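Work through the exercises below with the sequence and the coordinates at hand. Each task is followed by a solution in steps.

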Amino acid sequence: MSGVPANGTHALPVAKTPRPAPLHGGSRQKQRVAVIIPAKDEARRIAATVRAAKAIPHVDLVLVVDDGSEDTTQHVAREAGAVVVRHSHNRGKAAAMETGAAVVAMRDVADRPPRLLLFIDGDLGETAVNTAPLVPPVLDGLADMSIALLPPQPGAGGRGIVVGAARRAIQSMTGWTPTQPLSGMRCLTREAFEAATPLARGWGVETGLTIDLLRKGYVAVEVPCDLRHRPSGSDLKGQIHRANQYRDVQLAVGARRVRSALDALGGHKHSGK
Ligand SMILES: O=c1ccn([C@@H]2O[C@H](COP(=O)(O)OP(=O)(O)O[C@H]3O[C@H](CO)[C@@H](O)[C@H](O)[C@H]3O)[C@@H](O)[C@H]2O)c(=O)[nH]1
Ligand SMILES: O=C(O)[C@H](O)COP(=O)(O)O
């Protein structure tokens, strides 16, 4: 298992899954990328996010999953050029990611490699184009999943409680210490995504993804990306959001600890111990 900073001092990592072989004559098959944007009430920013996502090299599909928005997110996203699907009621970010990946799979074609999946948040606006550096490490077979490292965000009101809990859990279960364990901007191979399903629910999704993939031998890298999003403040709304994040992270981690304890028990039985 391994996870490494892309710009760290380690030797270059190698992804668990080799990339598609070159075609006859040596040219690499054109690997395409789908951007998946889970979005709940993002009407103000989704158009800029969609337009910027379309400018990322290798991207031929930008899919917005409207997760039961009460505003005009779906219409604005469609006008900006996204393919839009919608949950009739709000099901949480992880469910929107699963819906997005399923829709992309329907649009993948048999004679080409499945698209890489680039998940980004709906509130990045024009900075969404700066998730482009997440693609090359996965495209080139250095990693199975790349994770964006964001610069400090003006107005952020967090105290590091949820981030710290997620980081420590990932560290104890995988040996890797991520810098920004909750970062949702991630590029994955189809195989890695499938290996991590069913995803942990709601806000536990990133923590669960990282734990599950690293424990299965997939390789993650963190890549600095110059992104701006709408950070949660320190007001009541922000604190309630953090409480929900904390609950979902703990549920994701708890389920994985139980599973790993059961696996260990099963292994002992199997070996007659
Ligand atoms: O029920 C929901 C709620 C949110 N979203 C979308 O999910 C994304 C992230 O939500 P946001 O409100 O921006 O959350 P943050 O607190 O900013 O989220 C940070 O922390 C989360 C994990 O707790 C990660 O999923 C995010 O990527 C990361 O930016 C946005 O596109 C939302 O529109 C949904 O699809 N469904
Ligand atoms: O604001 C944030 O960074 C997230 O909501 C996590 O909150 P935290 O800083 O309290 O971990």
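The exercises go from the whole chain to one helix, one annotated span and two residues of this predicted model.

**Exercise 1.** State how many helices and strands the protein has, and decide how its radius of gyration compares with the globule rule.

Solution. Counting secondary structure elements gives eight helices and eight strands. The radius of gyration is 19 Å, and the globule rule for 273 residues gives 19 Å, so the protein is as compact as a globular protein of that length. Along the principal axes, the C-alpha atoms fill a box of roughly 60 × 60 × 40 Å.

**Exercise 2.** Describe the burial, contacts, surface and charge of the whole protein.

Solution. Of the 273 residues, 50% are buried. Among contacts with a separation of 6 or more, 78% join residues 24 or more positions apart. The accessible surface is about 13,000 Å², and carbon and sulfur atoms hold 56% of it. There are 35 positive and 25 negative charges, and their mean positions lie 4 Å apart.

**Exercise 3.** Find which residues of helix H1 are buried and which elements they pack against.

Solution. Helix H1 covers residues 46–54, and its buried residues are Ile 46, Ala 47, Thr 49, Val 50, Ala 52 and Ala 53. For the pattern, recall that an α-helix has 3.6 residues a turn, so residues three or four places apart point the same way. The buried residues of H1 pack against strand E2 (33–39), strand E3 (59–67) and helix H2 (73–79).

**Exercise 4.** Determine whether Ala 77 is buried or exposed, and list its contacts beyond four places in sequence.

Solution. Ala 77 is in helix H2. Its relative accessible area is 0%, under the 20% cut-off, so Ala 77 is buried. Leaving aside neighbours within four places, Ala 77 contacts Ile 46, Val 50, Val 64, Ala 82 and Val 84. Two of these, Ile 46 and Val 50, are also among the buried residues of H1. From Ala 77 to Arg 45, 32 residues apart in sequence, the C-alpha distance is 9.3 Å.

**Exercise 5.** Locate Leu 199 and classify its burial.

Solution. Leu 199 sits in the loop between helix H6 (190–195) and helix H7 (205–215). With 5% relative accessibility, Leu 199 counts as buried. Beyond four places in sequence, Leu 199 touches Ala 94, Met 97, Glu 98, Phe 193, Val 205, Leu 209 and Arg 256. The C-alpha atoms of Leu 199 and Arg 259 are 14 Å apart, with the two positions 60 residues apart along the chain.

**Exercise 6.** Characterise the span that UniProt annotates as a domain.

Solution. The unreviewed UniProt entry places "domain: Glycosyltransferase 2-like" at residues 35–123. This span is 35% helix and 26% strand, and its end C-alpha atoms lie 14 Å apart.

Notes
Residues are numbered from 1 along each chain as its sequence is written. Chains are lettered from A and ligands numbered from 1 in the order in which they are written. This is a predicted model: local features need pLDDT of at least 70, side-chain atom pairs count only at pLDDT 80 or more; totals for chains, interfaces and linings use all residues. Side-chain values use heavy atoms; hydrogens and water are left out. Helices (H or I, at least four residues) and strands (E, at least two) are DSSP runs, numbered from the N terminus. The radius of gyration is taken over C-alpha atoms; the globule rule is 2.2 Å times the number of residues to the power 0.38. Buried means under 20% relative accessible area, exposed over 50%, partly exposed in between (1.4 Å probe, protein chains only). Contact means heavy atoms within 4.5 Å. Accessible areas come from the Shrake-Rupley method with a 1.4 Å probe; for residues, only the protein chains shown count as cover. Lys and Arg count as positive and Asp and Glu as negative; His and the chain ends are not counted. The place of a charge is taken as NZ of Lys, CZ of Arg, CG of Asp or CD of Glu. UniProt positions are given in the numbering used here, feature names are shortened, and annotations may be inferred rather than shown by experiment.
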